[in-house]
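This briefing looks at a cystine link and at the strands around it. The sequence and the structure are shown first, and the points that follow are grouped by topic.

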Amino acid sequence: GVIEFLRSVVGEEEARMRIRELDRLIRGYYEDVVDCRSWVEERGRRRCVDAVVVRVYDDRVEVLRRVGKRTYSVAELPPDITILYDKFFKTRFFTAKAGDEVIIATDIDDFTGQLRNSLYKVEKASKDLISAIKAAARRVEGYVTPGITDEGIVDPYGELDLNDYGISGLIEAYRWVREFYGPNVDRALANVGFLVGKLVSPIVRWRNRVFLDHIIWNVGEGDEGKTALSTIILLPLLSFTSEKDDSSVYIAGVVSSEAQFRNLVSLNRLPLILDEQTEDKLVANAPLILPAAVGMGTIGLHASRHGQGFEAKFKGMKGIIIFTNVPFERFITRVAKKASERAYARRVISIIWAPHKLTFTWVPDIKPILGAVNNVFLKYRDEFMKARNIVELAVMILRRLGDEYAKTPEEKKIIEEYVNAVEGVAREAEEVRKSSIPSDGEKLVRWAYEFAREAFGVQERNLNDVLDALFKNPSRSG
């Protein structure tokens, strides 16, 4: 009688909400039937005798299967599952908060697997569980990860410091680098400039599919201060520190798998710093690195096995900065079979560090640059969209930061030195690029060595042995 009265006074939906709140107060939870599998007729009314039920507590959601008088547990889920339509990607995502971790997936199998890894009671993506998840989830619009959008830099989980500190961080970084980096001052400053550009590059790539977001390839023998630059300067500029780091922004070591790299570059739009990269892993990741450097290249497709997920083409979104001891020339030789040398070389700005052992006596207090970059992006967005590559974009942003925030002659000079460093290393990289592309004769010799080794088992002693094997086997060598 009470339920029918509520329905007649406030309507079906409002009555359901009030009954839920009453149940929560009395029992500590409320229940909803999300899928009825079997009905019976009793006295002219239908009654569900086989149902999937969600029991919603403050801190969890239990998924139950109720058949007649028997009830058994299907799964346990976090309380705040969301199906979020991302306004940047134009794609729907399953999301949930599991402790301090945010779970994000486009596919129901991946979503339930991540829940299971977070110690929720989830066995498999059964029909019962899929019905419960979709029924329990809130439908919202927003952004699934932080980074640049048409609305500026967004921070859906409150991870970033978006306060506007002006160019304080750039000024302090310059003073520290200028004092301690010796012959590598311009190389270090250029990395800072490129990082600033890569905060905005994803939205430019979204609008301009041929925008070239070069991978910044830093190579040195060691001890020059590349890791120090990453952890003391670059990460704080992004509002991260060594105590509060994030594997979606900085990885010291190797990227362990294609799936990890795909997820790193496809969702989070903040720059990605890959430090201490080994040769074998760089070569293995070459097909993933290349699409991440130009336009919105597709780097993978994750289709739902149950047909219940949202199809997601994984786009190369992040701007990438790499620190390694592997010369780009050696890398390009290793990957020559996978793509032309020119295709690889034009997507990379190679910065070769001079031998210099870094020692420093103080550490700067670096304020994040996100708020200032956000300000100039919103003011000069149309101008930035005209950039053709990361060099032009970084220079545009740096100069607009100078226009808006540089108040003294010293600050204006510092901004111009950042600009000169970016343009200078870009010119040097172009010279390296041209020298790293082998001539037709060099390509022929390389092919001959590889063919002789694979076809005839000839070891690479000298070119005469290779040619001798080819001439003695004309039918196989063509």
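A disulfide is here a pair of cysteine sulfur atoms within 2.5 Å. In this predicted model, a search of the whole structure finds one disulfide, and the strands that carry its two cysteines are paired with each other over 11 bridges in the antiparallel sense.

**The disulfide**

- The bond joins C36 to C48, with an S to S distance of 2.1 Å, and because the torsion about the S-S bond is about 115°, the disulfide is right-handed.
- C36 belongs to strand β1 (residues 30-42) and C48 to strand β2 (residues 45-56), so the pair ties together parts that are 12 residues apart in sequence.
- The two cysteines fall into separate accessibility classes, since C36 is buried at a relative accessible area of 18%, whereas C48 is partly exposed at 24%; the cut-off for buried is under 20%.

**The β1–β2 hairpin**

- Strands β1 and β2 form a hairpin with two residues between them, and R43, which lies in the turn, has a positive phi of about 55°.
- Across the antiparallel pairing of β1 and β2, D35 has V52 of β2 as its bridge partner.

**The β2–β3 hairpin**

- Strand β2 also pairs with strand β3 (residues 61-67), again in the antiparallel sense, over seven bridges, and a hairpin joins β2 to β3 through four residues.
- Within this second pairing, R55 stands opposite E62 in β3.

How values were computed
Residues are numbered from 1 along each chain as its sequence is written. This is a predicted model: local features need pLDDT of at least 70, side-chain atom pairs count only at pLDDT 80 or more; totals for chains, interfaces and linings use all residues. Side-chain values use heavy atoms; hydrogens and water are left out. Buried means under 20% relative accessible area, exposed over 50%, partly exposed in between (1.4 Å probe, protein chains only). Two strands pair if DSSP finds at least two bridges between them.
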